[in-house]
2 protein chains.
Amino acid sequence: MADGYGYDKRAADGKGFMHGIAIDAVIFGFHDRQLKVLLLEYSLAGIFALPGGFIRETENVNDAALRVVRERTGLGNIFLDQFYVFGDYGRFDNRPLKAIMQAGGTAFDENHWLLQRFITVDYYALVDFTKAVPAPDEESDICRWYDLDTIPPLIQDHKQIIAKALSTLQDGLDKKLIGFNLLPDTFTMADLQAVYETILGKKLQRTVFQRKMLGLGILQRIAKKHTGRAHKAPYLYRFVSQPA
Amino acid sequence: MADGYGYDKRAADGKGFMHGIAIDAVIFGFHDRQLKVLLLEYSLAGIFALPGGFIRETENVNDAALRVVRERTGLGNIFLDQFYVFGDYGRFDNRPLKAIMQAGGTAFDENHWLLQRFITVDYYALVDFTKAVPAPDEESDICRWYDLDTIPPLIQDHKQIIAKALSTLQDGLDKKLIGFNLLPDTFTMADLQAVYETILGKKLQRTVFQRKMLGLGILQRIAKKHTGRAHKAPYLYRFVSQPA
DNA sequence: TATTATTGTATCATTTTGATACAATAATAA
DNA sequence: TTATTATTGTATCAAAATGATACAATAATA
């Protein structure tokens, strides 16, 4: 997360980074028919937060976000979308950060650049859960997935940020055809439907969903997948491209 | 605009404002069946730009945007939507600002806070053209409407910002029901259709459009409008609320 | 070989959208 | 006064999209 947390110790003096502005990432994964979010834990201070980071003085803001997601997941080619700037003055609260710095034994004074007001540019990322390797940053010690309905209390307005990320994801699901970014390279129609149902929070009719997805012309049938269970084997699909 | 332009002279020393971050506003109006954008001109320097401004140290970012739009248009209750952060390092170019400062006789040195890198949070606003009273800011001398297809060369990436604002507007037109923000309190169905056609850049079928709009249940019929021409008088409508 | 669960697709009903037709004006012209 | 004209509001029918149901085709197990 940003707002001061998860900063790179090599730059703890603020040299080389933009001040007052940071990025946060809501990194979504999908597993066991559940939508998951990647969170950092600062266990010494008992604090949970979204992954985030700062912007180097000559770095594109979008690249800073890519860097953060790459560092937390080990993944390169991920779907990443800027969705909102959280910039209310009232959200600014440096007490959790002080707690983290104190717990970590970092020296600081009240004028430390990390304790000043920050606004954050927020992104959501869709990653392949099976390929991601969660890794904490320099300050935190745990980085792991949480089901959306079992998220611990988070610092500042990070819970609202997740809520807004989710509703943005919901809005763009049909229009931008982004659901498949949460799945491995090959998947069954039932897998895809589970992604949609979980994100939208409602059941979809199987036959209607299948007709719609096939009608988009972006799915390629690969082979049959024998699940080892007593029924017809479903096809495996791969996403190929945008419709013509 | 921001990126250094249009700053408040009382704070030219940078005290009281956040550094490195600014807001720009793409203010849309509608008149003569044309979509228009409000631009500032710095005629001494021969430079055109979007209206923008800075964020006071204790001000919400969204409030800073509201303030800018209010100052340029004289309007209070306007529709305003944050749509993107432009944060590429490559977009940063302080030469136009230097030109403006020189033309204005403002003293400055290379380390002036306005000459450092800025990223901008960008908003689009939809205002009632008939009520807006364009007003330049402290540095510029002309503030006026431009048709979208006769926009002069703009500083930095302001042309791209307008393009992105327009496509965001297009995407949200049906979903968010925002078209009416461009019209006066009462309007005919033909007026409304003209707004939609201009924004979307294509003709719509009159009867289908009318059925759709009436079906939303958000229009109230006020009275007949006698246009003075040889045909049936259209109804005047008023927007009442979101559909139930 | 029957049974079971699930998949892929066909079919029909319902709803939405597209296209056309036409009566109802409000001004002007004859 | 009475056609003529341009537009508006709505009805109507066709076409397309969506919703709902049915059913045959498996792949495993009993």
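Visitor: How many residues surround DNA strand D?
Guide: This is a predicted model. Among the closest residues to DNA strand D are A:H231, A:K232 and B:Y235. Sugar and phosphate make up 57% of the strand's atoms that come within 4 Å of the protein. The residues that surround DNA strand D number 25.

Visitor: Which side chain has a polar atom 2.8 Å from a base nitrogen of DNA strand D?
Guide: Several side chains reach DNA strand D. B:Q210 has a polar side-chain atom 3.5 Å from a phosphate oxygen. A:T207 has a side-chain N or O atom 3.0 Å from a base oxygen. The side chain 2.8 Å from a base nitrogen belongs to A:R211.

Visitor: Which element gives the most to the surface near DNA strand D?
Guide: By class, that surface has eight nonpolar, eight polar and nine charged residues. With five residues, the element that gives the most is α5(B).

Visitor: Are α3(B) and α4(B) parallel or oblique to each other?
Guide: The axes of α3 (158–176) and α4 (189–200) of chain B come within 9 Å. They cross at roughly 135 degrees. Angles over 145 would count as roughly antiparallel, and 65 to 115 as roughly perpendicular. The crossing fits neither range, so the two helices are oblique.

Visitor: How many nonpolar residues does the contact of α3(B) with α4(B) have?
Guide: On α3(B), the residues include B:L166, B:L169 and B:L173. They meet B:Y196, B:I199 and B:L200 in α4(B). By class, the contact has one polar residue, one charged residue and, for nonpolar residues, six.

Terms used: Residues are numbered from 1 along each chain as its sequence is written. Chains are lettered from A and ligands numbered from 1 in the order in which they are written. This is a predicted model: local features need pLDDT of at least 70, side-chain atom pairs count only at pLDDT 80 or more; totals for chains, interfaces and linings use all residues. Side-chain values use heavy atoms; hydrogens and water are left out. A residue is near a molecule or strand if one of its heavy atoms lies within 4 Å of it. A polar contact is a pair of N or O atoms within 3.5 Å; within protein, one must be able to donate a hydrogen and the other to accept it, and residues adjacent in sequence count only if both atoms are side-chain atoms. Helices (H or I, at least four residues) and strands (E, at least two) are DSSP runs, numbered from the N terminus. Ala, Val, Leu, Ile, Met, Phe, Trp, Tyr, Cys and Pro count as nonpolar, Asp, Glu, Lys and Arg as charged, and the others, Gly among them, as polar. Axes are lines fitted to C-alpha atoms, for helices over the stretch in contact, and angles run from 0 to 180 degrees between N-to-C directions. Angles under 35 degrees count as roughly parallel, over 145 as roughly antiparallel, 65 to 115 as roughly perpendicular and the rest as oblique. Contact means heavy atoms within 4.5 Å.
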